[in-house]
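Me: Please take a close look at a single part of this model. I would like to know about its pocket, and then about what sits around it.

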Amino acid sequence: MKRKIVITADGSNTLQMVDWQEQYHSMHGAIQEAYHVFIKQGLALFKDREISILEIGFGTGLNAFITFLEAKSRGLKVHYYGVEAYPLTQEEAAGMEYVTALKAQQYAAVFDLMHRARWETKKTLSAFFSLKKKQLKFQQITDQNCYNLIYFDAFGYRVQPELWSENIFLKMYNALKPGGVLVTYAAKGSVRRAMITVGFGVERLEGPPGKREMLRATKP
Ligand SMILES: C[S@@+](CC[C@H](N)C(=O)[O-])C[C@H]1O[C@@H](n2cnc3c(N)ncnc32)[C@H](O)[C@@H]1O
């Protein structure tokens, strides 16, 4: 399917699935949304410890890169796992211009390596951050008790309702360690109910700019 780069309201780029008119991030601001949903409401719960993160939809690498930037200041050692069925090309990754937008030129090589790193291979990017990208469909995930935090960043219910189902959230529940947390930008009632049905405790939280609410689900 055709993808093109578009600019969001905070000046940062995202990708658009042209046929679906669906973006990889909020048009209200890609970087703003990523910081709010995944860092403020997710990563910020963890301090001074070693954690494993699963990203559902590695996509542009924006969430992985801002997590790398945040990990050091939060005293975290992060093992990051990104699942993605349809990787970006190197040209698309470079075209996102996230290093410039985040004023993180000293880590340009890290963002580049995140995309060049071989799939299915754990790569140490610094003393406090490793990355393993897995090329598979979310439906194929079978991990059990592996992760402290999941960034659930699939395309919206409008275009991929099958990814917001009990079946997928049961996989997420099983993949988390007890006490583990899943954050997502979505706030839809049926999504919240699917999470509760598989066993999560679910909170409605303030959403990113342009969105009233988002969800955070915790495995007891
Ligand atoms: C909303 S975008 C992810 C945005 C990404 N987190 C980022 O910051 O760029 C959703 C991602 O899920 C991927 N995807 C869609 N369906 C999938 C599936 N069934 N299995 C695995 N990946 C899928 C898409 O290719 C896309 O990269």
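Reply: What follows covers the largest pocket, then one histidine, then the nonpolar core. Keep in mind that the model is predicted.

Start with the pocket. The largest one holds about 910 Å³ of space. Its lining counts 44 residues, and the closest to the centre are Glu22, Gln23, Ala154, Phe155 and Gly156. Sorted by class, 21 lining residues are nonpolar, 13 are polar and 10 are charged. Three elements, β3 (22–23), β4 (50–56) and α2 (62–73), each give at least two residues to this lining.

Next, the histidine. His25 sits in the loop that runs between β3 and α1 (30–40). Is His25 buried or exposed? His25 has a relative accessible area of 8%. The cut-off for buried is under 20%, so His25 counts as buried. The side chain of His25 makes a polar contact of 2.7 Å with the side chain of Thr14. Setting aside residues up to four places away in sequence, His25 touches Thr14 and also Asn13, Ala30, Glu33, Thr60, Leu62 and Tyr98.

Last, the core. The largest nonpolar core takes in 73 residues. Met114, Phe152, Phe169 and Met172 have the most contacts inside that core. Phe152 shows what such a position looks like. Beyond its neighbours within four places in sequence, Phe152 is in contact with Phe169 and Met172. Other partners of Phe152 are Phe38, Ile56, Leu163, Trp164, Ile168, Leu182, Val183, Thr184 and Tyr185.

How values were computed:
Residues are numbered from 1 along each chain as its sequence is written. This is a predicted model: local features need pLDDT of at least 70, side-chain atom pairs count only at pLDDT 80 or more; totals for chains, interfaces and linings use all residues. Side-chain values use heavy atoms; hydrogens and water are left out. A nonpolar core is a set of buried Ala, Val, Leu, Ile, Met, Phe, Trp, Tyr and Cys residues joined through side-chain atoms within 4.5 Å. Buried means under 20% relative accessible area, exposed over 50%, partly exposed in between (1.4 Å probe, protein chains only). Contact means heavy atoms within 4.5 Å. On a 1 Å grid over the protein atoms alone, a cavity is a set of points where a 1.4 Å probe fits but cannot get out, and a pocket is an open set with protein on both sides within 12 Å along at least five of seven lines; lining residues have an atom within 4 Å of a point. Grid points are joined across faces, edges and corners, and a volume is the space filled by probe spheres set on the points. Helices (H or I, at least four residues) and strands (E, at least two) are DSSP runs, numbered from the N terminus. Ala, Val, Leu, Ile, Met, Phe, Trp, Tyr, Cys and Pro count as nonpolar, Asp, Glu, Lys and Arg as charged, and the others, Gly among them, as polar. A polar contact is a pair of N or O atoms within 3.5 Å; within protein, one must be able to donate a hydrogen and the other to accept it, and residues adjacent in sequence count only if both atoms are side-chain atoms.
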